[in-house]
Amino acid sequence: AHGPRPSSASRHKAANGPDRPASRQGGGSPEGLWDTEAVTRYEVNTGKVLQYQICIKGGGRLGVEEDPILIPATETQHTLEDLIPGTTYELAVRSLDEAGRWGLWSPLQVVQTVPQICIAVEGLGETFTTFTWQRGASADSPPEPDSTYRVHVLGVGHPYEFEATISAEGAMPQRMCRLEDLKPGLQYKVFVRGYLADHWGLWSEGLLLQACPLMQPECK
């Protein structure tokens with residue numbers, strides 16, 4: 001399940017108007033990275049630009065011919081959405097002048113979206129469980145970018161729901177949750193997502209766990 005997401009339409013940020021000075025060759029730079037989004041900012045030097053074109057390759061995006069992205073000249077920042085977590089992309093920008101000529105492509109910018117959250121069980125009993133999470137599947141993953149996490153737990157085949165918001169700020173950021181009052185032998189599904197820069201990221205894949213059953217006494 002995914003949390004609320006922006007519409008699939010691209011988002012732009014306005015510049016200083018249609019007559020912003022520009023040249024035929026621009027330079028792009030990554031401004032922000034999320035799990036499914038990347039913001040690129042671009043600027044050029046001389047002449048008047050009618051529009052910009054962005055090329056993105058990677059993660060199933062095939063490039064400018066198969067996946068054209070045209071941006072009005074009034075905008076010099078663009079958010080690329082619906083990307084794949086933990087995936088490397090190549091970005092380049094070029095401009096179209098008043099004569100209808102496309103300029104040179106900017107130097108390639110290589111960016112990587114933030115990996116998806118992975119959950120691991122640290123302890124499990126008859127009525128409790130402790131689980132942790134991190135972005136990426138190994139300790140070699142880059143530092144966690146999230147400031148806050150949201151935990152959601154559902155019962156599988158029985159009515160149970162738990163929600164919590166956990167801060168990751170401070171000297172000892174918390175990326176762990178302990179659940180009490182579980183029912184022995186029943187199954188639960190755990191989801192976690194992080195707050196990245198200015199919005200909530202994707203929910204993690206659900207982790208299915210089962211509380212330990214009650215021990216049955218042996219009769220002799």
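Here are two short exercises on the structure above, each with a worked solution.

This is a predicted model, in which local features need pLDDT of at least 70, side-chain atom pairs count only at pLDDT 80 or more, and totals for chains, interfaces and linings use all residues. Residues are numbered from 1 along each chain as its sequence is written, and side-chain values use heavy atoms, leaving out hydrogens and water.

**Exercise 1.** Work out whether Ala92 is buried or exposed, and find which residues it is in contact with, leaving aside neighbours within four places in sequence.

*Solution.*
- Start with the cut-offs: buried means under 20% relative accessible area, exposed over 50%, and partly exposed in between (1.4 Å probe, protein chains only).
- Ala92 has a relative accessible area of 5%, so Ala92 is buried.
- Next come the contacts (heavy atoms within 4.5 Å). Ala92 touches Gln53, Ile54, Cys55, Trp105, Ser106 and Leu108 in this sense.
- Take Leu108: it is 16 residues from Ala92 along the chain, with 5.1 Å between the C-alpha atoms.

**Exercise 2.** Decide how the rings of Tyr160 and Tyr188 are arranged.

*Solution.*
- Recall the rule: rings of Phe, Tyr and Trp (its six-membered ring) pair if their centres lie within 6.5 Å; planes under 30 degrees apart are stacked, over 60 edge-to-face, and the rest tilted.
- For a warm-up, Phe131 and Trp133 lie 6.1 Å centre to centre with 45° between the planes, a tilted pair.
- Now Tyr160 and Tyr188: their ring centres are 5.0 Å apart and the planes meet at 80°, so this pair is edge-to-face.
- Finally, check burial: Tyr160 is partly exposed at 22% relative accessibility, while Tyr188 is buried at 1%.
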